[in-house]
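Here are my notes on the model you sent. They are in numbered points, strands before side chains.

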Amino acid sequence: MRNLLALGCIAALLAGCASGSNDPRTRFYRSLSEQANPSAVVAAELAFAREAREEGQWTAFREFSTGDAVMFVPEAVNAREWLSGRADPPQPVQWQPHEVWASCDGSLSVTRGAWQRPDGSTGYFTTVWERQGRAGDNEKYRWVLDQGDALAEPLARPDIIQTQVADCGGDGLPATAAPGANTATQGGGMSRDRTLAYAWTVAPDLSRTLAVTMLIGGAAEEVLTVSVAAPTGG
């Protein structure tokens with residue numbers, strides 16, 4: 001009887017007799033697909049902050065950025081170009097992640113958290129992370145966008161870091177969820193599986209917005225919207 005059952009299972013695998021989530025082939029191919037790993041994104045954020053403390057603030061920003069990463073000073077600039085040759089401040093800003101949003105395949109993630117400057121000022125940051133290569137032992141994350149602003153009161157620190165992963169499958173987000181190539185006034189990007197996207201704009205007065213959209217329940221849902229006021233002067 002056990003031999004007959006074993007032969008039946010093999011036949012189901014080869015001939016496709018099984019159906020739905022119990023299909024051995026479905027389970028097998030799903031196991032090969034890339035998946036989100038919010039813990040790895042948190043680890044990258046913490047390593048980024050640690051390098052800023054140990055090696056220098058701008059050194060860390062250069063080391064953890066991609067070649068086309070964008071930051072705001074307050075105009076949008078290529079981070080590597082702006083950081084090139086820039087001396088590290090005597091004391092770095094410090095920061096802690098509070099929230100993570102990740103695409104289903106983990107190719108794109110967004111973190112939000114709090115920062116503290118040596119002068120006592122506080123604020124928040126939003127960083128978009130891109131996974132380099134495939135998921136696995138050799139994966140690493142580099143940031144493609146970093147922005148933030150000062151706050152009158154510090155963000156409340158959560159008991160645990162909140163994480164949310166986009167739904168898998170379906171047709172993904174519409175192409176309009178993210179613009180094309182970065183320009184001086186707008187930019188953004190989308191995960192490889194089209195389940196997480198971000199888009200930013202900079203107005204003529206240098207105010208800016210950032211929106212993060214995620215696939216939830218089969219539909220596009222804006223999970224984070226950020227608005228930064230225009231600078232007030234010198």
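1. Start with the pairing of β1 and β6. In this predicted model, strand β1 (residues 65-72) runs parallel to strand β6 (residues 140-151), and three bridges hold the pair. Serine 65 has tryptophan 143 of β6 as its bridge partner. Further along, valine 70 faces leucine 145 in β6.

2. β1 also pairs with strand β2 (residues 76-78). This pairing is antiparallel and again has three bridges. Phenylalanine 72 sits opposite alanine 76 of β2. The two strands make a hairpin, with three residues between them. Proline 74 belongs to that loop. The peptide bond between valine 73 and proline 74 is cis, with omega at about 5 degrees.

3. Is β1 buried or exposed? Six of its eight residues are buried, so the rest of the structure largely encloses the strand.

4. β6 has another partner, β5. They run antiparallel, joined by 11 bridges. One of the bridge pairs is threonine 122 with leucine 151 of β6.

5. Now the packing. In soluble globular proteins, nonpolar side chains tend to be buried together. Here the largest nonpolar core has 25 residues. Phe48, Phe61, Met71, Trp95, Trp129 and Trp143 touch the most other members. At least two core residues come from each of α3 (38-55), α4 (57-63), β1, α5 (79-83), β3 (94-102), β5 (122-132) and β6. The top contributor is α3, with eight residues. A second core is separate from this one; it has 21 residues, including Trp101, Ala166, Leu196 and Val226.

6. Tryptophan 129 merits a look in the viewer. Leaving aside neighbours within four places in sequence, its contacts include Val41, Ala44, Glu45 and Phe48. Phe64, Leu108, Tyr141, Arg142 and Trp143 are also among them. So are Ser107, Ser109 and Thr111.

7. Next, the charges. Side chains of opposite charge can pair when their charged atoms come close. How many salt bridges does the structure hold? There are three. Glu34, Arg131 and Arg192 form a network of them.

8. Within that network, glutamate 34 meets arginine 131 at 3.0 Å, N to O. Glutamate 34 is in the loop between α2 (24-32) and α3, while arginine 131 is in β5, 97 residues apart. Both partners are buried: glutamate 34 has a relative accessible area of 18%, and arginine 131 has 2%.

9. Glutamate 34 also bridges to arginine 192, at 3.9 Å, N to O. Arginine 192 lies in the loop between β8 and β9, 158 residues from glutamate 34.

10. The remaining salt bridge is arginine 112 with glutamate 99, at 3.4 Å, N to O. Arginine 112 is in β4 and glutamate 99 in β3, 13 residues apart. Each is partly exposed, with relative accessibility of 21% for arginine 112 and 25% for glutamate 99.

11. Aspartate 105 needs separate comment. Its place is the loop between β3 and β4 (108-116). It is buried but has no salt bridge. The nearest side chain of opposite charge is arginine 192, 4.6 Å away. The cut-off for a salt bridge is 4 Å, so a 4.6 Å distance does not count. What aspartate 105 does have is side-chain polar contacts, with the side chain of serine 103 at 2.7 Å and that of serine 107 at 2.9 Å. Its contacts beyond four places in sequence include Glu34, Arg131 and Arg192, the residues of the salt-bridge network.

12. Two backbone points follow. Arginine 194 is not a glycine, yet its phi is positive, about 60 degrees. This residue is in the loop between β8 (186-190) and β9 (196-202) and is partly exposed at 36% relative accessible area. Leucine 206 also has a positive phi, near 75 degrees. It is in the loop between β9 and β10 (208-216), partly exposed at 25% relative accessible area.

13. Overall figures, for the record. The protein has five helices and 11 strands. Of its 234 residues, 40% are buried. Among contacts between residues at least 6 apart in sequence, 51% join residues at least 24 apart.

How values were computed
Residues are numbered from 1 along each chain as its sequence is written. This is a predicted model: local features need pLDDT of at least 70, side-chain atom pairs count only at pLDDT 80 or more; totals for chains, interfaces and linings use all residues. Side-chain values use heavy atoms; hydrogens and water are left out. Buried means under 20% relative accessible area, exposed over 50%, partly exposed in between (1.4 Å probe, protein chains only). Helices (H or I, at least four residues) and strands (E, at least two) are DSSP runs, numbered from the N terminus. Two strands pair if DSSP finds at least two bridges between them. A nonpolar core is a set of buried Ala, Val, Leu, Ile, Met, Phe, Trp, Tyr and Cys residues joined through side-chain atoms within 4.5 Å. Contact means heavy atoms within 4.5 Å. Lys and Arg count as positive and Asp and Glu as negative; His and the chain ends are not counted. A polar contact is a pair of N or O atoms within 3.5 Å; within protein, one must be able to donate a hydrogen and the other to accept it, and residues adjacent in sequence count only if both atoms are side-chain atoms.
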